[in-house]
Amino acid sequence: MLRSSRRRTTEIFKSTLASRRSLNSHSSSVPFPEKLAFAFDIDGVLKQGHHNVLPQAKRVLQLLSGSDGRLSKPIPFLLITNGGGVPDEERRAALSSELGVQLGPDQLVQSHTPLRDYVKKYQEKPVLVIGGAGESCRRVAESYGLKHAYIPQDIIKWRPAIWDRTQLTKGEESFAKTVDFSQIPLSAVFVMHDTHDWGRDIMLILDTLSAKDGILGTRRENRDDQGEVELVLSNADVEWRSDWPISRLGQGAFRLSLEAVYKATTGLQLPYKQFGKPFKATYDFSELSLRRYLSSVGRNPDVPLNVYMVGDNPASDIAGANAHGWSSILVRTGVFRDPNGEVPEHEPTVIADDVEKGVEWAIRRETGLIL
Ligand code: G3P
Ligand code: MG
């Protein structure tokens, strides 16, 4: 069902199913929507949880890639997610096989992908990387050229007493590096994905931000200054939609906890730089990616575009798209719920039951054609 943010229209649903037509044979009179492009969120739009791809998602990507024959040529799209924790190339390959379409190098923006350019100033410096499973975020950091990326397991191996609530597992022992952190002036902390051990990671971030010259085991005398160690967070989502029927806490909830503990122990506001949707840096980076993709498929990268962002989270997907001047489609397969016709805090161009209804609505809006 579709609902423009002011009123409900149910009829269209039935007609969409009944009259599947294409934008090539019958409709030679209908000009191809050259300016049309899509940006898709992943969790709550294309997937619900790590292993659950929504059937509508596969159909929609087959439609847009032209592989189901309904379009005379592909309609460009990219995926913009606040998820991450795996090197971009690996995630792109995994998503391509899960979604049944070959994604190009510029068709995936994870929460940390825009950091690729930002971290250049730290490439030769020691940094602490937080989040994700095992040492996957160290691999993400190294894929962006960070040569001295340490992770919490390295620190616990050095001094278990720094956080004696969790011991390293055998698996962690195997990849934890042997490092003397009393000689390592950490220059930044990058939280690149949801963390698995909030207590440990809050403690280590606090230690690093409050240390003298970033040397763990030390404390700056004058705690009033914010110190030199930069804290960068990749995802502000307090909630996200997994395969559990009720939204789960995300990296944004971790940040809120960290802010509270930092305030309680230092009296200071936590200093941090935020990336991810809805922030401008991520949408600017995504726009450039989409245009790089256009030129990679031989299309004019400077063509004016009507981009439709399809998302499930008003606070990240819709707020960011609206601020970036894109159209926005809010779906009901994720965080957003409107059992009583609730109007989301950030109003989308339209609300749709799922990604397929949303995309068909956008194509109809741009071409007047019901697919
Ligand atoms: O951790 C991922 C979550 O915050 C949401 O991801 O794909 O809905 O932006 P996504
Ligand atoms: Mg989502």
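Is Asp43 buried or exposed? With a relative accessibility of 16%, Asp43 counts as buried, because the cut-off for that label is under 20% relative accessible area. Keep in mind that this is a predicted model.

Asp43 has company at a metal site. The magnesium ion (ligand 2) takes its protein donors from Asp41 (OD), Asp43 (O) and Asp312 (OD), at 2.0 to 2.1 Å. Along the chain, these donors are spaced as D-x1-D-x268-D. Asp41 is buried too, at a relative accessible area of 4%.

Here are the two buried donors side by side:

| Residue | Donor to the magnesium ion (ligand 2) | Relative accessible area |
|---|---|---|
| Asp41 | OD | 4% |
| Asp43 | O | 16% |

Now let's step back to the whole protein chain. Its secondary structure comes to twelve helices and 15 strands. Lay a box along the principal axes, and the C-alpha atoms fill roughly 75 × 45 × 35 Å. A compact globule of 371 residues would have a radius of gyration near 21 Å, so the 22 Å of this chain agrees with that.

What about the inside? Of the 371 residues, 57% are buried. If you take the contacts with a separation of 6 or more, 67% of them join residues 24 or more positions apart.

On the outside, the protein chain exposes about 15600 Å², and 54% of that comes from carbon and sulfur atoms. As for charge, there are 47 positive and 47 negative side chains, with the centres of the two sets 4 Å apart.

Technical notes. Residues numbered from 1 in each chain as written. Chains lettered and ligands numbered in written order. Predicted model: local features only at pLDDT ≥ 70, side-chain atom pairs only at ≥ 80, totals over all residues. Heavy atoms only, no water. Helix = DSSP H or I, 4+ residues; strand = E, 2+ residues; numbered from the N terminus. Rg over C-alpha atoms; globule rule 2.2 N^0.38 Å. Buried < 20%, exposed > 50% of the residue type's maximum accessible area, 1.4 Å probe, protein only. Contact = heavy atoms within 4.5 Å. Areas by Shrake-Rupley, 256 points an atom, 1.4 Å probe, with all protein chains shown as cover. Lys, Arg positive; Asp, Glu negative; His and termini not counted. Charge placed at Lys NZ, Arg CZ, Asp CG, Glu CD. Donors = N, O, S within 2.8 Å, 3.2 Å for Na, K, Ca; no water.
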